[in-house]
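Please load the model in the viewer and keep the selection panel at hand. The tour below proceeds from one selection to the next.

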Amino acid sequence: TYTLECDGAAPVGDSAAPDPAAACAVLAAQGAALFAPPAADTMCTQMIKGMQRAHVSGTVNGEAVDADFSLTNGCEISRWEKLTPLLGPAEGTL
């Protein structure tokens, strides 16, 4: 479990994500859109990088986020890798 609190692009308090400064920077730059799932009609490669899963809840710039992440297809791997500073590296083993 990680807690991340940012003031703009800078972490504050006891932020404990894998890379708090980079996580705050990416959230400041891209906002809550990073947490959107792929569109329902998106074609994703059928590959599995690992069995890790993550759940993120909170707010980004006042917008509520509640998202699940996994490494179970190309779209999900891409979403995870965009948030590596928050979720940790997408390095799975099967």
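Select Ser-15 and display its surroundings: setting aside residues up to four places away in sequence, Ser-15 touches Thr-3, Leu-4, Glu-5 and Pro-20. The model is a predicted one. Ser-15 lies in the loop that runs between strand E2 (10-11) and helix H1 (20-30). Its relative accessibility is 17%, so Ser-15 counts as buried, the cut-off being under 20%.

Now show the polar atoms. The side chain of Ser-15 reaches the backbone oxygen of Val-12 at 2.8 Å, and the side chain of Ser-15 also reaches the backbone nitrogen of Glu-5 at 3.0 Å.

Next, select residues 53-60 and 63-70, which are strand E3 and strand E4. In which sense do these strands pair, parallel or antiparallel? E3 and E4 pair in the antiparallel sense, over eight bridges. At one position of this pairing, Val-60 stands opposite Glu-63 in E4. The two strands form a hairpin with two residues between them; in the turn, select Asn-61, which has a positive phi of about 55°.

Finally, move to Leu-83, placed in the loop between helix H2 (74-82) and helix H3 (84-87). Is Leu-83 buried or exposed? Leu-83 counts as buried because its relative accessibility is 0%. Display the residues around Leu-83: leaving out those up to four places away in sequence, Leu-83 touches Val-26, Leu-27, Leu-34, Phe-35, Phe-69 and Gly-88. As a last step, set a distance label between the C-alpha atoms of Leu-83 and Met-51; these residues are 32 residues apart along the chain, and the separation is 17 Å.

Definitions and conventions
Residues are numbered from 1 along each chain as its sequence is written. This is a predicted model: local features need pLDDT of at least 70, side-chain atom pairs count only at pLDDT 80 or more; totals for chains, interfaces and linings use all residues. Side-chain values use heavy atoms; hydrogens and water are left out. Helices (H or I, at least four residues) and strands (E, at least two) are DSSP runs, numbered from the N terminus. Buried means under 20% relative accessible area, exposed over 50%, partly exposed in between (1.4 Å probe, protein chains only). Contact means heavy atoms within 4.5 Å. Two strands pair if DSSP finds at least two bridges between them. A polar contact is a pair of N or O atoms within 3.5 Å; within protein, one must be able to donate a hydrogen and the other to accept it, and residues adjacent in sequence count only if both atoms are side-chain atoms.
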